Amino acid sequence: AVATILPTSCTSDEQQNEQQTGWESKTITFTFGDVITQHAMTRADVTELDLTDLWMFDYVGDELQQTIHQSSSDEGFGVLSASMGYGDHTLYFVASRGTTPTTDTDAQTITWVKPSDTFWATATVAVSPSSASSQAVSLSRVATRLRITVNDEVPVGAAKFVITPAQWYYGINYTTGSGIAPSANQPREVNIPSSYIGTSGQLAIAIFGFVPSADWQTNITAALKASDESALGQVTLEDVPLRKNITTAYSGGILGTAKSFTLSADDAWGDENIHTW
């Protein structure tokens, strides 16, 4: 989501105060109410999406002027106010609910221990005495999601489901929204609640990540395990296609010798893209 924020006139009181004090900066408040998907723009506040962190990175040219971070426990989460010097600014916004984020402004990155749904935007703003004091920012989803559904009856003794990508991206460059910080063969484990034992087609596991480009593929190993780590069933999915704003969904059997998975894409996030193998 790329936006150019245009100035509008301010009140005569604001102009008079600036003239009297000699201020060379202006406080601008940013709100986040629109989420852009590949289908359309929808209204969704950052709090309605259960996001937990919000960042703004403010640049003039190549120089970082300030970084503002909010967490969902902060009062007023979802509204950012920043004092900005007169001149042209490039702003980068990131909103996410990933766990344990780490920012590196030298590398211009944010990484997460466990990525989750993440949105991004960039905007340019010319700050002057006549700039609007309130601006709305539209965010676009930059996360990808893999969902695997086991159609077999979940057997007694099943304790966890493990998804191991051959490669997976755990962060983004906040100036582009593209995936960075790849990790190889790092397992993602999810404990299986006892209520799923004996059910069929109900066990669905999803993991979030990022993609380094518009289209990307990786191999995935999925395993159903007992509490002693022994594998009850396992399947390897080759060349799994992943894209920003798309859920790639696999479903099939994983137990015994008749292992069969089909691939589809969930269009709740973006355009439908169905595959079989």
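How many strands and how many helices are there in the protein chain? In this predicted model, the chain holds one helix and 21 strands.

**Figure 1. Overview of the protein chain in the predicted model.** Of the 277 residues in the protein chain, 45% are buried. The chain exposes about 13,000 Å², and carbon and sulfur atoms supply 46% of that exposed area. When contacts with a separation of 6 or more are considered, residues 24 or more positions apart account for 68% of them.

**Figure 2. An open sheet of four strands, in the order β8-β9-β14-β15.** Strands of a sheet pair through backbone hydrogen bonds, and the pairing may be either parallel or antiparallel. In the sheet shown here, the pairing is antiparallel. The edge strands are β8, which covers residues 99-104, and β15, which covers residues 179-184, and each of these two pairs on one side only. From one strand to the next, the twist averages 30 degrees.

**Figure 3. Close-up of the pairing between β14 and β15.** Strand β14, made of residues 167-173, pairs with β15 in the antiparallel sense, and five bridges link the two. To follow the pairing residue by residue, one can begin at Gly171, whose bridge partner in β15 is Ile180.

**Figure 4. Strand β18 and its partners β13 and β19.** Strand β18 spans residues 216-226 and is mostly covered, as eight of its 11 residues are buried. Strand β13 (residues 158-165) runs antiparallel to β18 and is joined to it by seven bridges; in this pairing, Lys160 stands opposite Lys225 of β18. Strand β19 (residues 231-242) also runs antiparallel to β18, with nine bridges joining the two, and here Gln217 stands opposite Pro241 of β19.

**Figure 5. The hairpin formed by β18 and β19.** Four residues lie between the two strands of this hairpin. Within the turn, Glu229 has a positive phi of about 75 degrees.

**Figure 6. Close-up of Arg145 in strand β12.** Strand β12 covers residues 144-150, and Arg145 is found within it. Is Arg145 buried or exposed? Its relative accessible area is 16%, and Arg145 therefore counts as buried, since that class takes in residues under 20%. The side chain of Arg145 also makes a polar contact, at 2.8 Å, with the side chain of Thr247.

Conventions
Residues numbered from 1 in each chain as written. Predicted model: local features only at pLDDT ≥ 70, side-chain atom pairs only at ≥ 80, totals over all residues. Heavy atoms only, no water. Buried < 20%, exposed > 50% of the residue type's maximum accessible area, 1.4 Å probe, protein only. Polar contact = N/O pair within 3.5 Å; in protein donor to acceptor, adjacent residues only side chain to side chain. Contact = heavy atoms within 4.5 Å. Areas by Shrake-Rupley, 256 points an atom, 1.4 Å probe, with all protein chains shown as cover. Pairing = 2+ DSSP bridges. Axes fitted to C-alpha atoms, helices over the stretch in contact; angles between N-to-C directions.
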